[in-house]
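Let's walk through this structure together, beginning at one side chain and working from there to the fold as a whole. Have the sequence and the 3D view at hand as you read.

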Amino acid sequence: MNLRAIRHELGITAELSELAKVRHWVRTVLREFPANVVSTAVMVVDELTSNALRHGRAPYHVRLLPGAAKLRIEVDDGGGEPARRRAPSDQGGRGLLLVERCAAAWGQLRRPSGKTLWAELTTDDPAGARG
């Protein structure tokens with residue numbers, strides 16, 4: 001099966017304990033991708049999801065959209081406030097900076113029911129995942 005032809009989506013609750021579930025899900029979905037792509041994807045999904053859980057509101061959805069040479073990550077939440085980079089401090093503020101450094105591109109879309117933060121990662125296997 002070509003994993004890059006499938007849209008993967010996971011709904012989560014507002015509990016911070018859901019982050020471990022999301023990380024495991026990403027590793028499972030991307031199991032046939034190169035290890036460096038998987039580890040970067042886990043880090044980016046974790047940052048976007050924790051941002052949504054801390055600053056947004058339900059409902060929450062995480063999507064992985066593998067393409068020919070990139071992986072698009074999307075995290076939805078029902079909050080209306082746009083995500084903003086903050087100055088790093090002891091309380092946080094590093095998440096979106098980390099996403100910016102890891103991703104080829106990132107941004108956010110405002111929707112009537114909330115927002116979607118997205119990031120695109122380049123993959124090392126442009127011919128498609130094995131499988």
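Start at R7, which is exposed, with a relative accessible area of 53%. Keep in mind as you look around that this is a predicted model. The side chain of R7 meets that of E9 in a salt bridge, with N and O 3.4 Å apart. E9 itself is partly exposed, at a relative accessible area of 41%.

From E9 you can step onward, since its side chain also forms a salt bridge with R63 (3.5 Å, N to O). E9 belongs to strand β1 and R63 to strand β2, so this pair ties together parts that lie 54 residues apart in sequence. R63 is buried, with a relative accessible area of 6%.

A second pair to find is R72 and E120, whose closest N and O atoms are 2.9 Å apart in a salt bridge. Here strand β3 supplies R72 and strand β5 supplies E120, so the bridge ties together parts 48 residues apart in sequence. Both partners count as buried: R72 has 17% relative accessibility, and E120 has 15%. These four residues are among those linked in a network of salt bridges that also includes R7, K70, E74 and D76. In total, the structure holds 10 salt bridges.

Now step back to the fold. The protein has three helices and five strands, and from the N terminus they run β-α-α-β-β-α-β-β. Of the contacts with a separation of 6 or more, 62% join residues 24 or more positions apart.

What lies inside? Of the 131 residues, 47% are buried. The largest nonpolar core has 31 residues, and V26, L30, L48, L64 and I73 have the most contacts inside it. Two or more core residues come from each of β1, α1, α2, β2, β3, α3 and β5, with α2 giving the largest share, nine residues. I73 is a good place to pause: among the residues it touches are A41, V44, V45 and L48, as well as L64, L117 and W118. R63, met earlier in the salt bridges, is another residue that I73 touches.

Finish at α3, where G95, L96 and V99 are buried. Why do they share a side of the helix? They cover an arc of only 90° around the axis, which puts them on the same side of α3. In an α-helix there are 3.6 residues a turn, so residues three or four places apart point the same way. The buried residues of α3 pack against α2, β4 and β5.

Notes
Residues are numbered from 1 along each chain as its sequence is written. This is a predicted model: local features need pLDDT of at least 70, side-chain atom pairs count only at pLDDT 80 or more; totals for chains, interfaces and linings use all residues. Side-chain values use heavy atoms; hydrogens and water are left out. A nonpolar core is a set of buried Ala, Val, Leu, Ile, Met, Phe, Trp, Tyr and Cys residues joined through side-chain atoms within 4.5 Å. Buried means under 20% relative accessible area, exposed over 50%, partly exposed in between (1.4 Å probe, protein chains only). Helices (H or I, at least four residues) and strands (E, at least two) are DSSP runs, numbered from the N terminus. Contact means heavy atoms within 4.5 Å. The arc is that of the directions from the helix axis to the C-beta atoms.
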